[in-house]
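Student: Could you take me through one part of this structure in detail? I would like a close look at the place where the ligand sits.

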Amino acid sequence: MLVKRRAGWELAEGSAHSEHDYYSRRKLLKTVGTALVGAGVFGSPLTAAVLNSRKNQEFQRLEPTAEKLITSYNNFYEFTTDKKGVKKLAARMITNPWEVQITGLAENTGIIDIDDIFKKFSVEQRIYRLRCVETWSAVVPWDGFPLKALLDYAKPLSSAKFVAFTTYVDKAIAPGMAGNYFPWPYMEGLTIEEAANPLSFMATGIYGKTLPPQNGAPMRLVIPWKYGFKSIKSIRRIHFTDRMPATFWNTAQANEYGFYANVNPQVDHPRWSQKYDKPLGSFFGREKTLMFNGYGEQVAHLYKNMDLRRFF
Ligand SMILES: Nc1nc2c(c(=O)[nH]1)N[C@H]1C(S)=C(S)[C@@H](COP(=O)(O)O)O[C@H]1N2
Ligand SMILES: [Mo]
């Protein structure tokens, strides 16, 4: 059973164009989903939520990017900085068994097995735009669960103001981690309010299938209003803290990458403009990059008294 969520991010039936790819995938998702529910993998019916568009007429493009592109053009520096080389190298990553540690200022800290996570949280689909700080973009049909569900499970204390995420991948398996040029492990963070926003998502699948290693299996963050680097892959640790956590890119190059990293076409990267993005798979096309990647209606209130040029 595929249920459409009504929560402000849905797409009215028929308002996405050239979506035959998506709708045929959706059929596939339905089949796969039913099989998994039947096998008791997911505890509740699969739900689908589709993003935006009608409400936001500026949103030119919502048809999902070809699956092949999404799964073969990746940023995953633990393996290599060569986007087309990630897939092959990441195939060696062992993503099950996999344990996730919950630590810090929360009631329910401890280790949770990825299979328990799959059982505990019901899976839905979200179609989100992904905007890399490097200016390429994609539209990705993710499967997963709201990050809020995980917060509700962990029960952060009122003293927790931030949540930090850490990837761990073995140096022997991930050759990119061998050098000390980058501040490994990859780390990311959000304020608790950002993490609790209904758009914040933990992905466990893509196109109705299990998340492939190159896209961050078994579980990765997806924060669609922020530059892609916030969407940390292959999460091993979730830590609640009262201090703004260090992040990988901010530690590597503080003047270029801030903690907030909200998509903002008005604030250029020191080395290039952020006004436009180039959808993967379009050779000449470029699109206007929108404030908060087009998700302002859902998230602008989080930053209402902030100077977003200063807090970039
Ligand atoms: N652990 C980890 N997570 C990561 C990265 C990375 O190098 N390591 N790259 C980020 C960047 S820069 C982007 S644009 C997205 C890309 O996600 P995708 O390959 O699934 O499209 O992953 C983000 N998450
Ligand atoms: Mo990125």
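Tutor:
**The ligand and its pocket**

The shell around ligand 1 is made up of eight nonpolar, six polar and three charged residues. Keep in mind that this is a predicted model. In total, 17 residues surround ligand 1. Find the closest ones in the view: Y77, E78, N215, S231 and K233.

Now look at single atoms. Start with E78, one of those closest residues. An N or O atom in the E78 side chain is 2.8 Å from a nitrogen atom of ligand 1. Next comes N74. Here the partner is an oxygen atom of ligand 1, and it lies 2.9 Å from an N or O atom of the N74 side chain. Then turn to T167. One of its polar side-chain atoms is 3.1 Å from a nitrogen atom of ligand 1. How much of ligand 1 does the protein cover? On its own, ligand 1 has 530 Å² of accessible area, and the protein covers 97% of that.

Step back to the space itself. Ligand 1 takes up the largest pocket. This pocket holds about 470 Å³ of space. Its lining has 30 residues, and N75, C132, W136, G228 and F229 are the closest to its centre. By class, the lining counts 18 nonpolar residues, seven polar ones and five charged ones.

Which helix or strand gives the most to this lining? Strand β6 does, with three residues. β6 covers residues 136–146. Helix α2, at 67–70, also supplies at least two lining residues.

Some backbone details are worth finding too. Most residues other than glycine have a negative phi, and most peptide bonds are trans. Three places here go against that pattern. Begin with the peptide bond between N96 and P97, which is cis, with omega at about 5°. P97 sits in the loop between α3 (86–90) and β3 (99–104). A second cis bond runs from W184 to P185, where omega is near 0°. P185 belongs to the loop that connects β7 (162–167) with β8 (187–191). Last is K155. K155 is not a glycine, yet its phi is positive, about 55°. Look for K155 in the loop between α5 (147–154) and β7.

To retrace the route, start at ligand 1 in the largest pocket. Pick out the side chains of N74, E78 and T167. Then follow β6 along the lining.

How values were computed: Residues numbered from 1 in each chain as written. Chains lettered and ligands numbered in written order. Predicted model: local features only at pLDDT ≥ 70, side-chain atom pairs only at ≥ 80, totals over all residues. Heavy atoms only, no water. 1 Å grid on protein atoms, 1.4 Å probe; cavity = no way out; pocket = protein on both sides within 12 Å on 5 of 7 lines; lining within 4 Å. Points joined across faces, edges and corners; volume = space filled by probe spheres on them. Helix = DSSP H or I, 4+ residues; strand = E, 2+ residues; numbered from the N terminus. Nonpolar A, V, L, I, M, F, W, Y, C, P; charged D, E, K, R; others polar. Near = heavy atom within 4 Å. Polar contact = N/O pair within 3.5 Å; in protein donor to acceptor, adjacent residues only side chain to side chain. Areas by Shrake-Rupley, 256 points an atom, 1.4 Å probe, with all protein chains shown as cover. Sits in = over half its atoms within 2 Å of the grid points.
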